Amino acid sequence: MISCKSPQELKYMRDAGRVVAGALEEISKAVRPGVTTAELDRIAEDYMEKAGAIPAFKGYHGYPACICTSINEEVVHGIPGLRELKDGDIISIDVGAQVKGYYGDCAVTLPVGNVSQEALDLIEVTKKSLEIGIDHARVGNRLSDISHSIQKFVESRGYSVVRDYVGHGIGRQMHEEPQVPNFGEPGRGPRLREGMTLAIEPMVNAGTYEVEVLPDNWTVVTKDRRLSAHFEHTVAITSRGPEILTRR
Ligand code: MF3
Ligand code: CO
């Protein structure tokens with residue numbers, strides 16, 4: 001069952017979304033060569049505590065941190081630690097929080113210092129693919145219209161979309177029905193209705209879409225070790241069109 005949120009529930013989801021977006025903004029300001037991913041995690045934890053929010057990832061299936069930090073060939077679920085970012089890296093930062101029982105989930109990929117044009121292009125295409133997907137999150141469309149629009153755009157630019165990890169419904173739980181793949185035929189799946197809230201999150205690889213999990217049992221990397229980027233927003237489907245809940 002896909003839950004449709006009431007206007008009051010959407011207010012709470014806006015609160016959660018605002019905290020997530022604010023945390024991500026603070027973290028982003030600290031991204032530079034020499035900073036460790038553990039320092040970024042600390043910024044997130046402090047921000048959420050001040051905002052009265054609960055970090056959504058910490059303890060989730062045993063996950064040990066507040067954010068995910070995935071560098072270069074890492075796709076998602078990189079664990080913050082003592083690794084220092086270096087000039088030319090790209091880093092995907094994923095943040096989730098719970099406020100008044102409702103969740104927000106958001107991710108961006110950022111360049112660290114001066115990065116290659118190849119990396120910048122990948123970031124731009126991934127960001128744009130999220131915007132295109134969001135633009136298809138409209139009442140009356142089918143779920144896979146979102147998925148298809150993302151895949152079509154990404155592949156038209158010569159990149160691939162990850163198959164093994166997908167977006168998701170979100171609300172009283174971080175992961176609700178339905179799954180939101182970033183690939184597929186258009187016109188399939190449930191019809192989108194007012195009050196549905198989705199975390200749309202394209203993961204885009206420079207090379208093959210195949211991924212594997214490192215021995216830490218969390219970090220997902222590209223099989224060919226080429227670059228990957230990830231953008232995510234929590235979006236509400238409204239009669240006035242898609243509303244991005246995780247935007248400042
Ligand atoms: N944003 C990711 C997701 O949608 C984050 C989950 S990572 C975990 O699934 F650490 F919480 F597992
Ligand atoms: Co998510």
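This passage walks through the overall form of a predicted protein model and then through one of its sheets.

The protein contains 4 helices and 15 strands. Along its principal axes, the C-alpha atoms occupy a box of roughly 45 × 45 × 30 Å. A compact globule of 248 residues would be expected to have a radius of gyration near 18 Å, and the value of 17 Å found for the protein agrees with this.

What share of the 248 residues is buried? Buried residues account for 53% of them. The accessible surface amounts to about 10,900 Å², and carbon and sulfur atoms contribute 48% of that area. Contacts also link distant parts of the sequence: of those between residues at least 6 apart, 69% bring together residues at least 24 apart. As for charge, the protein carries 29 positive and 35 negative charges, and the mean positions of the two sets lie 7 Å apart.

A closer look at one sheet shows how strands can be arranged. In general, the strands of a sheet pair through backbone hydrogen bonds, in either a parallel or an antiparallel way. Here, 3 strands make up an open sheet in the order S6-S10-S13, with antiparallel pairing. Strand S6 (160–161) and strand S13 (228–230) are at the edges and have a single partner strand each, so one side of each is left without a neighbour in the sheet. Strand S10, which covers residues 203–205, pairs with S13 over 3 bridges in the antiparallel sense. Which residue of S13 is the bridge partner of Asn 205? That partner is Ser 228.

How values were computed. Residues are numbered from 1 along each chain as its sequence is written. Chains are lettered from A and ligands numbered from 1 in the order in which they are written. This is a predicted model: local features need pLDDT of at least 70, side-chain atom pairs count only at pLDDT 80 or more; totals for chains, interfaces and linings use all residues. Side-chain values use heavy atoms; hydrogens and water are left out. Helices (H or I, at least four residues) and strands (E, at least two) are DSSP runs, numbered from the N terminus. The radius of gyration is taken over C-alpha atoms; the globule rule is 2.2 Å times the number of residues to the power 0.38. Buried means under 20% relative accessible area, exposed over 50%, partly exposed in between (1.4 Å probe, protein chains only). Contact means heavy atoms within 4.5 Å. Accessible areas come from the Shrake-Rupley method with a 1.4 Å probe; for residues, only the protein chains shown count as cover. Lys and Arg count as positive and Asp and Glu as negative; His and the chain ends are not counted. The place of a charge is taken as NZ of Lys, CZ of Arg, CG of Asp or CD of Glu. Two strands pair if DSSP finds at least two bridges between them.
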